[in-house]
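Biologist: I am new to this structure. Please take one part and look at it closely, then set it beside a few places on the surface.

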Amino acid sequence: MTESPRLVDMTLRDGMHAVDHQFTPDQMRRVAAALDDAEMDVVEVSHGDGMGGSSINYGMAAADTEEYLEAVAPELTDTKLSVLLLPGIGTVEELDMAADHGADICRIATHVTEADVSQEHFEYVTERGLEANGLLMLSHMAEPETILEQAQLMEEYGADAVYVMDSAGALLPDGVRERVELLTDELSIDVGFHAHNNMGLAIGNTLTALDAGAVTVDGCLRGLGAGSGNAQMEVLVGALEKAGYDVGPDLFGVMDAAEDVLLPMLTEDTIPELDNDSLILGYAGVYSSFLRHARRASDRYGVDPRELLIELGEMEVVGGQEDLITDVASRLAEESGSQSAAAEGDD
């Protein structure tokens, strides 16, 4: 193979979920500098839920997006800078701020069946001269034909690429192939893929996506990210090289960024692992960023986090509905007779 896929490192965006959005601007600066030294293609920076995501509902970040961008942008030479925006969370003022601080790419994320809310965002990002990428989150919740319809809307709005986002780590390789191949066949723009590791398939699914025609894929150093994390970037670079892809980032440089720069910033409980709770995320198809919220609610109300996540999966919750976690945990506690636990949680 001679293909050269574009690798997007999301340690400083999706990885924020794993650390409760507490990376400091200086920590971001050091990670970004190491990734630039390793010749990473793209680095994404923002709150885990995108610009404007720092809130009681999603979790307060250690700093605001402007501070993060001011720290990171000067460290990047050939590496492009990306930001994330979710319609309804991020604002036009934040888009302007990101563009003014050197962002090259804005990725606009919607639920897999709600691309129609993103038209104005794509048009404005294009007007500001940024590359516009569309992200269809929780892509396991829609059939390939529905995803194609939504991707075509994003293409019509001006997207330069559309991603199949396995936000819950719920897709099996066949499901990845069906979705990516259909988009690759029918769209005239690039197709990307974003994996989570809740079923242990992040690297395998990413390789499947590339084989099916994707040309841009995501990962995080040390597999950081929501749930049990994203595709582990240093592993992904090595796997792609072994598979014969012409990879831009330097393997040793990415390994050093993960081991020497990022790892000392982490504590044992912030390094994602594939445990029972994160496995249930993928099994139930629940948005990966719900995991830490669900664990807290489970402790507070004395309910099994697996039961809570299964219930949320049956409700087909989507990003932005984190407030339901507490409601469901309280109800499960009452139904199981854990009245004292529920009462303590309300104190």
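**A close look at Val286**

Modeller: Val286 is buried, with a relative accessible area of 0%. Keep in mind that this is a predicted model. The cut-off for buried is under 20% relative accessible area, so Val286 falls within that class. Where does Val286 sit along the chain? Its place is in a loop. Helix H10 (276–284) lies on one side of that loop, and helix H11 (290–301) on the other.

Now the neighbours. Leaving out residues up to four places away in sequence, Val286 touches Ala168, Leu281, Leu309, Leu312, Gly313 and Val317. Asp211 gives a sense of distance: Val286 and Asp211 are 75 residues apart in sequence. In space they are 26 Å apart, C-alpha to C-alpha.

Next, the surface. Leu274 is in the loop between helix H9 (251–262) and H10. Leu274 is partly exposed, with a relative accessible area of 44%. It belongs to a nonpolar surface patch of about 490 Å². The patch is made by Leu172, Met199, Leu274, Leu279 and Tyr283.

Glu39 is another surface residue to find. Its loop runs between helix H1 (25–37) and strand E2 (42–44). Glu39 is exposed, at a relative accessible area of 51%. The class of exposed begins over 50%, so Glu39 is counted there. Glu39 is also part of a patch of negative charge on the surface. Gathered with Glu39 in that patch are Asp78, Glu241, Asp250, Asp256 and Asp260.

Conventions: Residues are numbered from 1 along each chain as its sequence is written. This is a predicted model: local features need pLDDT of at least 70, side-chain atom pairs count only at pLDDT 80 or more; totals for chains, interfaces and linings use all residues. Side-chain values use heavy atoms; hydrogens and water are left out. Patches are made of residues with over 30% relative accessible area and no salt bridge: like charges are joined within 9 Å, nonpolar side chains (Val, Leu, Ile, Met, Phe, Trp, Tyr) within 5 Å. Accessible areas come from the Shrake-Rupley method with a 1.4 Å probe; for residues, only the protein chains shown count as cover. A salt bridge is a side-chain nitrogen of Lys or Arg within 4 Å of a carboxyl oxygen of Asp or Glu. Lys and Arg count as positive and Asp and Glu as negative; His and the chain ends are not counted. The place of a charge is taken as NZ of Lys, CZ of Arg, CG of Asp or CD of Glu. Helices (H or I, at least four residues) and strands (E, at least two) are DSSP runs, numbered from the N terminus. Buried means under 20% relative accessible area, exposed over 50%, partly exposed in between (1.4 Å probe, protein chains only). Contact means heavy atoms within 4.5 Å.
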